[in-house]
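Grab a pencil and work through a few short exercises on the fold shown below. Try each task before you read its solution.

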Amino acid sequence: MHRRHRQADVTITAMLSQRSDARHLRASLHHTIANDLKQQFNIDLRKLRVKLTPYDHQQKVAIV
């Protein structure tokens, strides 16, 4: 977080299924995170990094 400007850089790491639309997911995440940061902490979102990897059926998944 950049304290002087009250802005945050956010990095999200996630797995993406083949049925999901990456552009729609990224836009939805950006909108949700920006709103939550502003409403709950009065912080603006400066940069959002989304790292998506393909979902592998052999991996265990934790849903948070």
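Two strands pair if DSSP finds at least two bridges between them. Helices (H or I, at least four residues) and strands (E, at least two) are DSSP runs, numbered from the N terminus. Keep in mind that this is a predicted model, where local features need pLDDT of at least 70, side-chain atom pairs count only at pLDDT 80 or more, and totals for chains, interfaces and linings use all residues. Residues are numbered from 1 along each chain as its sequence is written, and side-chain values use heavy atoms, with hydrogens and water left out.

**Exercise 1.** Work out how strands E1 and E2 run, parallel or antiparallel, and which residue in E2 stands opposite Thr 11.

*Solution.* Start with the ranges: E1 covers residues 7-16 and E2 covers residues 44-54. Ten bridges join the two strands, and they run parallel. Next, look across from Thr 11 and you land on Arg 49 in E2. Finally, trace the connection: the chain leaves E1, passes through helix H1 (residues 22-41) and reaches E2 in a right-handed β-α-β crossover. Right-handed here means that, with the strands pointing away from you, the path from the first strand over the helix to the second runs clockwise.

**Exercise 2.** Find the salt bridges, and say whether Asp 9 is buried or exposed, or something in between.

*Solution.* The criterion is a side-chain nitrogen of Lys or Arg within 4 Å of a carboxyl oxygen of Asp or Glu. Two pairs turn up in the structure.

- Asp 9 meets Arg 46 at 2.8 Å, N to O. This pair links distant parts of the chain, with Asp 9 in strand E1 and Arg 46 in strand E2, 37 residues apart.
- Asp 44 meets Lys 38 at 3.2 Å, N to O.

Now for accessibility: buried is under 20% relative accessible area, exposed is over 50%, and partly exposed is in between (1.4 Å probe, protein chains only). Asp 9 comes out at 28%, so it counts as partly exposed. Arg 46 is partly exposed too, at 42%.

**Exercise 3.** List the residues of the largest nonpolar core, and see what Ile 33 touches.

*Solution.* Such a core is a set of buried Ala, Val, Leu, Ile, Met, Phe, Trp, Tyr and Cys residues joined through side-chain atoms within 4.5 Å. The largest one has eight residues: Ala 8, Val 10, Ile 12, Ile 33, Leu 37, Ile 43, Leu 45 and Leu 48. E1, H1 and E2 each supply at least two of them, and E1 gives the most, with three. Leaving out residues up to four places away in sequence, Ile 33 is in contact (heavy atoms within 4.5 Å) with Val 10, Ile 12, Leu 45 and Leu 48.
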